[in-house]
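Work through the exercises below with the sequence and the model open side by side. Each task is followed by a solution that proceeds in steps.

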Amino acid sequence: MAAQDGGEQAGVLMGPATVSPAAAEAPATARPAPRGRLAGLVGGGLAILLIALAVAALADVIAPRGYDDQDLAFALQPPAWAGGTWSNPLGTDPLGRDVLSRIVYGARTSLLLALGSVLIAAVIGVTLGLVSGWAGGRVDAAIMSAVEAQLSLPYLLFAIAFMALLGSSLTNLVIVLVLRSWVVYAQLVRVSVLSMKTREFVTVAVALGARARRIVFRHIAPNVIAPALVVSSFQLAELIIVESSLGFLGLGVQPPTPSWGSMLSQGREYLGSAWWLVTFPGLAIILTVLGANLFGDALRDTLDPRLRTRARAPRGRFRRTLKETS
Amino acid sequence: MARQILRRLLRAVAALLVVTAVVFTLLHLSGDPAYILLTPEATAEDRAAFRAEYGMDRPLWVQYGRYLGRLVQGDFGQSLSFRTPAVAVALERLPATLELTLAAMALAVLISLPAAVLAAVRRGTLFDRALMIFTLIGQTVPTFWLGMVMILVLAVRFHLFPASGRGGVLHLVMPATALALWLTALLARVTRSEMIEALEQDYVRTARAKGLTERGIAARHALKNALLPIITVMGLQFGGLLGGAVMTETVFAWPGVGTMILDAILKKDVPVVLAGVVLVAVGFILVNLLLDLLYTVLDPRLRRA
């Protein structure tokens, strides 16, 4: 949620993305998914996400027009029910491009970027977290000071500076997004490795002479998959918002490629005259982020019943333990 | 206690060093201010003189070292575009940011605390569910989008509030509300879950057994114990907001620290960006330090640490 104003720094440790060490310890097979309302939420969130993904994947089939098909004769047409025509159901932009088509193609940009970055961040963060937690000592100190250094940067300002100064290329955008998320994984995984190190199955593996790499990747890693999955869901929501924030500031994906954020940026200039330019891309963002958040919430509750409806804030000491070596 | 504070201060200084070094490098990598700030007609000598004037002809680490040296003496350098002290440019915007932040914070606390406490006491009721749905939405809607929709409806359509800029109370209403939504959702969520946990504790059962009213229990026993994490969240959010609510400020053209840093980044006004970032980081660190001190005041158990 850091992209939301206010969460800029602090958001890393809180917001729905907070998964306490208790969650990290939760075994993957804690309990079969509860039925009823909760399962409905999982389904609802998942359904929204899957629909968004399908739209992104099938953009070429679904979109009535190309994302850059201009027709200046039909510039700034309102949506069909507000005086426009059904050939442009959600209206057109100042270049006469179909808003619906651009939202559909925008899903591709926004979702792919967020999803790809979450995956990269997860791989990097989980690996570093495993190494940090298992190795301890200097390696741990080095990785954790990198984490801390990054957390002391006001993220959104950093992201803006990075994109504005180094250029808004796709590579830079992915780097900025990955930087936002890897920390969350690294911290989470490290804490759960620390708690697992003293557990019997690890002690036994050590006693049997298993090598460190085997213990970490065969015995410990599977146990962090569940909490990492929960975090991924929230991070997806987070990165969609970050990407759209940067796009809104003109620092994200560059035209003519549509992304939901850059559409909002364009719409802002026509705020007084063309309300549909701002409204619909925003709704697309909200719906997708809602899907990811719902899915994450439900997933967390399913994987760890102890955490049901708890969005726990770190306490004074707890906060410190999260950051330092406990 | 003193050792703890000293340790935190040292870490704070280390964090500041990292932050400034990263920003310094980024700014350096981004190109030569002599080409951005001087007119295209400027000769090679003009540019060389400009670089020499600001010490930009030296190696990066020398520049950084010099910058730190001056920083220790309280000298943030001159703004490249305004030709005034950079720190003055940054500080000038602080009141606007404080005004917006405090208004949003006050709004969020006034709404979220009572609502969340009530929801926790009446857990599972319609009100509780409504609040949970509200927090879900509040954490989903991007602030900048909400801001634009508010402008669209309240300013453009109904002319209730001015669409942008800073002025009287009327100017403050929309940006503060937009900014408060997310804060309200976060605080309500945290407060509710902390209260629910507090209400399950033994001392609440004892209080109930003694025949205290539910209202008294909630206010005097449970809330008091739930307060620490709530204050933590408030403090961290406030610290983060000192950096200016970049998105909200941009949407409403609010002349705060956030828009100032954004402008300076786009103009590559190195000293102003650095001054702004240092200001933000110092604010954040101070808030953190204050929080730590506050814990020991509020929770005597932590004093032994």
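## Exercise 1: The two chains

Chain B holds 14 helices and zero strands. The model is a predicted one.

Task: Describe the make-up of chain A and of chain B, and state which part of each chain counts as buried.

Solution. Begin with the elements: chain A has twelve helices and zero strands, and from its N terminus on the order is α-α-α-α-α-α-α-α-α-α-α-α. Chain B, read along its sequence, follows α-α-α-α-α-α-α-α-α-α-α-α-α-α, and its C-alpha atoms fill a box of roughly 85 × 60 × 30 Å along the principal axes. Next take burial: of the 326 residues in chain A, 55% are buried, while 42% of the 305 residues of chain B count as buried. Finally, consider the contacts between residues with a separation of 6 or more: in chain A, 74% of them involve residues 24 or more positions apart, and in chain B, 71% join residues at least 24 apart.

## Exercise 2: A pair of helices

Task: Describe how α6(B) passes α9(B), and give the classes of the residues in their contact.

Solution. Two packed helices are described by the angle between their axes and the distance between the axes. Here the partners are helix α6 (residues 94-121) of chain B and helix α9 (residues 169-199) of chain B, whose axes come within 6 Å and cross at roughly 35 degrees. The crossing of α6(B) with α9(B) is right-handed. Sorted by class, this contact comprises 25 nonpolar, four polar and two charged residues.

## Exercise 3: The largest nonpolar core

Task: Which residues touch the most other members of the largest nonpolar core, and which element gives the most to this core?

Solution. The largest nonpolar core has 173 residues, and those that touch the most other members are A159(A), I160(A), Y185(A) and V273(B). The element that gives the most to this core is α9(B), with 17 residues. To look more closely at one of these members, set aside the neighbours of I160(A) within four places in sequence; I160(A) is then in contact with L249(A) and L251(A), and also with V246(B), L262(B) and I265(B).

## Exercise 4: A residue in helix α8

Task: Is I151(B) buried or exposed, and with which residues is I151(B) in contact once its neighbours within four places in sequence are left aside?

Solution. First locate I151(B), which is found in helix α8 (residues 143-157) of chain B. Then count: I151(B) is buried because 24 other C-beta atoms lie within 10 Å, where the cut-off for a buried residue is 20 or more. With the sequence neighbours left aside, the contacts of I151(B) are L271(A), V156(B), A163(B) and M174(B). As a last step, compare sequence with space: I151(B) and P162(B) are eleven residues apart in sequence, and their C-alpha atoms are 8.3 Å apart.

## Exercise 5: Positive phi in two loops

Task: Where do H159(B) and A253(B) lie, and are they buried or exposed?

Solution. H159(B) lies in the loop between α8 and α9 of chain B, and although H159(B) is not a glycine, its phi is positive, about 55 degrees. H159(B) counts as exposed because it has 9 C-beta neighbours inside 10 Å. A253(B) lies in the loop between α12 (246-251) and α13 (257-267) of chain B, and phi of A253(B) is near 45 degrees, a positive value in a residue other than glycine. With 12 other C-beta atoms within 10 Å, A253(B) is exposed, since the cut-off for an exposed residue is 12 or fewer.

How values were computed: Residues are numbered from 1 along each chain as its sequence is written. Chains are lettered from A and ligands numbered from 1 in the order in which they are written. This is a predicted model: local features need pLDDT of at least 70, side-chain atom pairs count only at pLDDT 80 or more; totals for chains, interfaces and linings use all residues. Axes are lines fitted to C-alpha atoms, for helices over the stretch in contact, and angles run from 0 to 180 degrees between N-to-C directions. Helices (H or I, at least four residues) and strands (E, at least two) are DSSP runs, numbered from the N terminus. A crossing is left-handed if the near helix is turned anticlockwise from the far one by less than a right angle, and right-handed if clockwise. Ala, Val, Leu, Ile, Met, Phe, Trp, Tyr, Cys and Pro count as nonpolar, Asp, Glu, Lys and Arg as charged, and the others, Gly among them, as polar. Two residues are in contact if their C-beta atoms, placed from the backbone, lie within 7 Å. A nonpolar core is a set of buried Ala, Val, Leu, Ile, Met, Phe, Trp, Tyr and Cys residues joined through C-beta atoms within 7 Å.
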